[in-house]
Amino acid sequence: MEDVLTENPPPSRFFQEDLNNFVPPPESLPSPFIIFSNPKPELPLRPSLLIIAVSSPSLYVFHNLPSKTLLGSLIMPEVPFSGNTMEPSLEDKSCNIYSLSSTDDKNSILLVSVQLPVSPERSHIVSRLLIGQDIIPERVIILDSIQSRNFRGKLSPDETLAAKLETSSEKKATSCVNLDYFPSGSVIDGLSASLLSRCQLRNIRGTLVISWPEFGPSVVRFVGALLKNIVPSLDIASVNKDLDKYSSKTGLKKDAWLDSDLYT
């Protein structure tokens with residue numbers, strides 16, 4: 001006589017995908033949102049230029065710019081605040097929005113420092129928040145790094161490279177970024193690709209600048225010089241100051257990046 005407790009169960013009459021129908025769907029994450037500082041600025045903001053830092057070198061440059069004012073922050077509900085400091089820090093998991101004071105127009109340039117991880121599934125909604133809703137820029141520049149796994153060709157860690165991708169409206173205008181185009185066959189994905197696509201859909205002049213290597217003083221100096229060329233009034237003297245005291249891997253202090261999982 002068969003032992004019903006130890007014998008293998010009979011084959012199920014359901015396929016695996018049918019069984020999944022009985023499992024309740026996972027709860028959807030709350031949507032990201034932007035909190036503006038007091039006094040709240042008049043929305044939507046309409047800067048002549050929006051610069052978005054995604055790469056470690058560009059985040060380091062933004063962090064060390066002296067003449068910027070915090071306007072607000074983009075909040076991702078799934079990213080905890082634990083470990084963040086009261087004052088903006090490169091170690092924080094944050095996405096801060098700054099206005100850049102310049103001799104041209106105090107409110108014409110906005111900076112966004114994306115220091116928190118954005119999953120591919122959330123890239124679209126984050127790009128919509130940054131471009132086209134509360135912020136409607138005339139031009140957008142996105143700064144990111146070349147990912148070696150997505151690049152068609154060899155990359156030397158001792159050589160600084162940079163390239164660009166542009167929206168169709170930027171190609172028709174006089175570009176302020178004098179770089180070669182990103183080679184065909186290579187891939188750009190994630191938040192940067194979503195931001196550039198958002199510019200294309202909204203018919204906004206957009207440029208994505210990707211640089212290599214991902215970390216190091218040489219590429220930090222390149223990003224600083226690039227921004228100085230785009231915004232001549234920008235004060236980048238503090239960017240190069242004490243650069244060697246910071247980790248060549250993350251732009252954080254040598255004893256700080258080991259405790260951060262932002263770039264791991």
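**Pockets, sheet and local geometry**

Biologist: How many residues in the lining of the second largest pocket are nonpolar, polar and charged?
Modeller: This is a predicted model, where local features need pLDDT of at least 70 and side-chain atom pairs pLDDT 80 or more, while totals for chains, interfaces and linings use all residues. Residues are numbered from 1 along each chain as its sequence is written, and side-chain values use heavy atoms, without hydrogens or water. Ala, Val, Leu, Ile, Met, Phe, Trp, Tyr, Cys and Pro count as nonpolar, Asp, Glu, Lys and Arg as charged, and the others, Gly among them, as polar. The split is 13 nonpolar, 7 polar and 3 charged.

Biologist: Which residues lie nearest the centre of that second largest pocket?
Modeller: A pocket is an open set of points on a 1 Å grid over the protein atoms alone, with protein on both sides within 12 Å along at least five of seven lines; lining residues have an atom within 4 Å of a point. The second largest pocket holds about 330 Å³, a volume being the space filled by probe spheres set on points joined across faces, edges and corners. Of its 23 lining residues, those nearest the centre are S73, F81, N84, S94 and N96.

Biologist: Which strand gives the largest share of the lining of the second largest pocket?
Modeller: Strands are DSSP runs of E of at least two residues, and helices are runs of H or I of at least four, numbered from the N terminus. β1 (33-36), β3 (68-75) and β4 (95-100) each supply at least two lining residues. The largest share, 5 residues, comes from β3.

Biologist: Which element gives the most to the lining of the second largest cavity?
Modeller: A cavity is a set of grid points where a 1.4 Å probe fits but cannot get out. The structure holds 4 cavities of 30 Å³ or more, and the second largest has a volume of about 70 Å³. Its lining includes L59, F62, H63 and Y98, and divides into 4 nonpolar, 6 polar and 1 charged. With 3 residues, the top contributor is α2.

Biologist: Which strands stand at the edges of the sheet?
Modeller: The open sheet has 8 strands in the order β1-β3-β4-β5-β2-β6-β8-β7, with mixed pairing; strands pair if DSSP finds at least two bridges between them. Each edge strand has a single partner, so one side of it is left without a neighbour in the sheet. The edge strands are β1 and β7 (161-166).

Biologist: Which residue of β6 stands opposite A53?
Modeller: β2 (49-53) and β6 (139-145) pair in the parallel sense over 5 bridges. In β6, the residue opposite A53 is L143.

Biologist: What is omega for the cis peptide bond joining W212 and P213?
Modeller: P213 is in the loop between β8 (205-212) and α6 (217-230). The bond from L43 to P44 is also cis, with omega near 0°, and P44 is in the loop between β1 and β2. For W212 and P213, omega is about 5°.

Biologist: What is the phi of N203?
Modeller: N203 lies in the loop between α5 (190-201) and β8. Although N203 is not a glycine, its phi is positive, at about 60°.

Biologist: How far is the charged end of K164 from the centre of the ring of Y181?
Modeller: A charge sits over a ring if NZ of Lys or CZ of Arg is within 6 Å of the ring centre and within 35 degrees of the ring normal. K171 lies over the face of Y181, at 5.5 Å from the ring centre. K164 sits over the ring of Y181 too, at 5.1 Å.
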